[in-house]
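The following questions and answers concern the structure shown below. Please consult the sequence and the coordinates while reading.

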There are 4 protein chains.
Amino acid sequence: MSAITIWNEFRHERANDAVAEIYPDGMHMVLAASLEDDHVVQTATLDDPEHGLAESVLTDTDVLIWWGHRAHDEVAEEIVDRVQQRVLEGMGLVVLHSGHFSKIFKRLMGTTCNLQYREDGVTERLWVTDPGHPIAKGVDGYLELSETEMYGEPFDVPEPDRLVFLSWFEGGEVFRSGCCYRRGNGRIFYFRPGHETYPIYKNEAVLDVIGNAVRWATPTTERNSGRQFGERSPAEK
Amino acid sequence: MSAITIWNEFRHERANDAVAEIYPDGMHMVLAASLEDDHVVQTATLDDPEHGLAESVLTDTDVLIWWGHRAHDEVAEEIVDRVQQRVLEGMGLVVLHSGHFSKIFKRLMGTTCNLQYREDGVTERLWVTDPGHPIAKGVDGYLELSETEMYGEPFDVPEPDRLVFLSWFEGGEVFRSGCCYRRGNGRIFYFRPGHETYPIYKNEAVLDVIGNAVRWATPTTERNSGRQFGERSPAEK
Amino acid sequence: MSAITIWNEFRHERANDAVAEIYPDGMHMVLAASLEDDHVVQTATLDDPEHGLAESVLTDTDVLIWWGHRAHDEVAEEIVDRVQQRVLEGMGLVVLHSGHFSKIFKRLMGTTCNLQYREDGVTERLWVTDPGHPIAKGVDGYLELSETEMYGEPFDVPEPDRLVFLSWFEGGEVFRSGCCYRRGNGRIFYFRPGHETYPIYKNEAVLDVIGNAVRWATPTTERNSGRQFGERSPAEK
Amino acid sequence: MSAITIWNEFRHERANDAVAEIYPDGMHMVLAASLEDDHVVQTATLDDPEHGLAESVLTDTDVLIWWGHRAHDEVAEEIVDRVQQRVLEGMGLVVLHSGHFSKIFKRLMGTTCNLQYREDGVTERLWVTDPGHPIAKGVDGYLELSETEMYGEPFDVPEPDRLVFLSWFEGGEVFRSGCCYRRGNGRIFYFRPGHETYPIYKNEAVLDVIGNAVRWATPTTERNSGRQFGERSPAEK
């Protein structure tokens, strides 16, 4: 059991009827419902004070899930600093779909995190490239989504530590859809599925992978363990 | 200018009329013709004495290209030992297509190098995932083959040091088609295109990538440079 | 709780009085004693039938620990094949000290696994380079051994997926002492400490790291999960 | 022949007599002198307009060398943005010594880049861990510096793509001293030697490694090659 905080921009759901119909209470509530049997779950959104990410919230969070899209720019630098520091201390981070362009993901990657895309609602098939990885547990060969947005290569991220999923798209493209990173003591997983106008987070297989990712990203050592820096006296006497 | 040895099993071309029609003198001769303007090229085949890979040949080889398919088992262990040692000393190795199942590639990878496949002659598109990599030089987004065999994930190899190409297949699959490795001082590149019954090695774009791979795999240090092992006296006096 | 098999060559302890004094029942028994509170532990040695590694033993093993030194050559190829296959299926493998030169480690790495060494019984200090890694859990900065054999760079192995420990030696050398790899579905950890004439496996800190490694290497998916290879019909209909 | 720009903070040399005695014209001039036989070299310093890094300068730069220490904070964010973008487009970056704490290195790494240190002027020995790497060319086993500052682990950077040098320090510590990264199309090398109060950049072996690093980091593809992002029409018609 981990302590999960689900962060959602929560703007599309309030501004767009099509999205509101799929996620009337917001995507975060659907994700929360899928995780709350196994974890202690709280949610936070952009328009909450401090975007819902007060120091005390992050201190108590083992894994932060992040979904954002149209308002990345409104996330305060101070909060990005705080989340980055907490990841380096050991908090896990699961970045979903359009979160590839979030300030926090770009900050941790050091690159633009840019990609190609097309909103055409056709088939995606996420193949498992690393069947022994805990995040792929329970996925039999691939995971198929019948209607989704396309993301295509090149994906401007550092080479992943491990690549768990590779996507095939009906329109002819491919994409590295499940990428693992370590930064400081923190584990980071980028997972592609999740456009707001398709009910991706109602797909049980997608939710299972997010559950796997949460378990994988949960810290295994104490907060900030072993991160002693600065001047030191010699180890040899 | 590098010294290249092209190794070809050279059995399909002699046993199968359809293959002989595409490659009357063997695949190795077509590859040789494409590389000989820029490099010193020699060829070697399974049925040559020592499979054409005498010590002196390997000593004089900067990069070895390997194509095999139906007779992997006939390659002598002693020659595999010799090629492995030469790779660790610094010789580059470019493994093509069905060479994924060669003894030398399995030896260097430590895994089965198994995969999924289907011979159905439909479209493959190799997307560049690493556009700054010298092996992708000159490829504009992707390289398309209209008729080819399919190879699909999982591909049982160690996570590549760098992934340069990702394939999309018309039948719905994906594959890590261009994989870079280092073993000892040697650079290894696995490149998927090349089934014997499709004229893949007459495709200029494929040949250009093989040329890029040869340049990339050429050693940059002296043979066996820095590989001093065994008992040593203290560095500190 | 994992099912552990500890494999020991068990020759030094029977042939050398100095070693027998430290490990009268063999190193494997000391390692077993340190792990049996948390795991189901069995042991196996070179001179057992099938070296103690019958199919049924490996099937029931989550993590295999390997110590060998002077009799690597006596390990039958057939058993090496069997262990390799079981690792690729998901069994964890913890290779200790002189096990760097075992057939199974060389087989899985694809390199010579050679290194520099000196038996001079001076200080080693293993620094944690990856404090967030579960194998480093509980180690505060470094782990010190007052009398040990030296292993020095270069170490002819593939670049580790993650480097957990780096050793400093009094004689002036360094060594990558804790290296993580994945091959197939299996997790592999090489851990340097352990010469037979120093009581290294009576050091609690060393034993704690081995315990951490066992937990890390325990498979998280079913045996052979997702390793479907061979011909397949199209995913796209 | 590459186009090199050497960036130096150039403050210590003007404020501290001991440093001025070693580098009367600044460290950048000593580095420039060592590189100008093989390359087109220009220099830039913090107090130049735009820190000497106008768009046109960066456009014409193949590899940027960076040394900074006490005035990292005075580097304008706008210039950091510009350098980062140029690296992602393909420019090489060689970060020296205390440059680990520069804004540009932290930006590209996504971590604090913090470490342990001690200014005690004792011996460092940089061992080659990757003797086949072009940056290690010409180094025979190790490179020794008799008086230097210590940097120790943990070093809070992402796991390097390749580790070329590992340092041993007389005081008992170790450090990953030569680390290769790719970000976007750009190659990045962090190289530890170089404290301002020791004449490190007068050591021929150190200068040779910097020369090797410059060659390695020189782009092999056109500026921004293959970095096409944004909406696209289907590859499949």
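Q: Is B:Cys113 buried or exposed?
A: The structure is a predicted model, in which local features need pLDDT of at least 70 and side-chain atom pairs count only at pLDDT 80 or more, whereas totals for chains, interfaces and linings use all residues. Residues are numbered from 1 along each chain as its sequence is written, chains are lettered from A and ligands numbered from 1 in the order in which they are written, and side-chain values use heavy atoms, with hydrogens and water left out. Buried means under 20% relative accessible area, exposed over 50%, and partly exposed in between (1.4 Å probe, protein chains only). With a relative accessible area of 0%, B:Cys113 is buried.

Q: What is the phi of B:Cys113, and where does B:Cys113 lie?
A: Most residues other than glycine have a negative phi. B:Cys113 is not a glycine, yet its phi is positive, at about 60 degrees. Helices (H or I, at least four residues) and strands (E, at least two) are DSSP runs, numbered from the N terminus. In these terms, B:Cys113 is placed in the loop between H6 and E5 of chain B.

Q: Is A:Glu50 buried, partly exposed or exposed?
A: A:Glu50 has a positive phi, near 55 degrees, and is a residue other than glycine. Its place is the loop between E2 and helix H4 (55–59) of chain A. Its relative accessible area is 42%, and A:Glu50 is therefore partly exposed.

Q: Which peptide bond of chain A that involves A:Pro154 is cis?
A: Most peptide bonds are trans. A:Pro154 is in the loop between strand E6 (142–152) and strand E7 (162–169) of chain A. Omega is about 5 degrees for the cis bond, which joins A:Glu153 and A:Pro154.

Q: Why do the buried residues of helix H3 of chain A line one face?
A: In helix H3 (residues 27–35) of chain A, the buried residues are A:Met27, A:His28, A:Leu31, A:Ala32 and A:Leu35. The arc considered is that of the directions from the helix axis to the C-beta atoms. Seen down the axis of H3(A), the buried residues line one face because they fall within an arc of 135 degrees.

Q: Which elements of chain A do the buried residues of H3(A) pack against?
A: Contact means heavy atoms within 4.5 Å. The packing partners in chain A are strand E1 (3–8), helix H1 (12–15), strand E2 (40–45), strand E3 (63–67), strand E4 (92–96) and helix H7 (204–217).

Q: What area is buried between chain A and chain D?
A: The contact brings together 34 residues of chain A and 34 residues of chain D. A:Gln116, A:Phe229 and A:Arg232 supply 20% of the area that chain A buries against chain D, more than any other three residues. Buried area is the accessible area (1.4 Å probe) that two parts lose on being put together, summed over both. Carbon and sulfur atoms give 53% of the total, which is about 2700 Å².

Q: How many salt bridges cross the interface of chain A and chain D?
A: A salt bridge is a side-chain nitrogen of Lys or Arg within 4 Å of a carboxyl oxygen of Asp or Glu. A:Glu173 forms one with D:Arg232, the closest N and O atoms being 3.7 Å apart. D:Glu173 likewise forms one with A:Arg232, with closest N and O atoms 3.7 Å apart. Across this interface, the number of salt bridges found is four.

Q: Is D:Glu173 buried or exposed?
A: D:Glu173 lies in the loop between E7 and strand E8 (174–183) of chain D and A:Arg232 in the segment after E10 of chain A, so their salt bridge joins two chains. A:Arg232 is partly exposed, at 21% relative accessibility. D:Glu173, with a relative accessible area of 1%, is buried.

Q: Which residue of chain D meets B:Glu236 in a salt bridge?
A: B:Glu236 lies in the segment after E10 of chain B, and its partner in strand E5 (residues 116–128) of chain D, so the pair joins two chains. B:Glu236 is partly exposed, at 24% relative accessibility, while the partner is buried, at 0% relative accessible area. The N to O distance is 2.4 Å, and the partner is D:Arg125.
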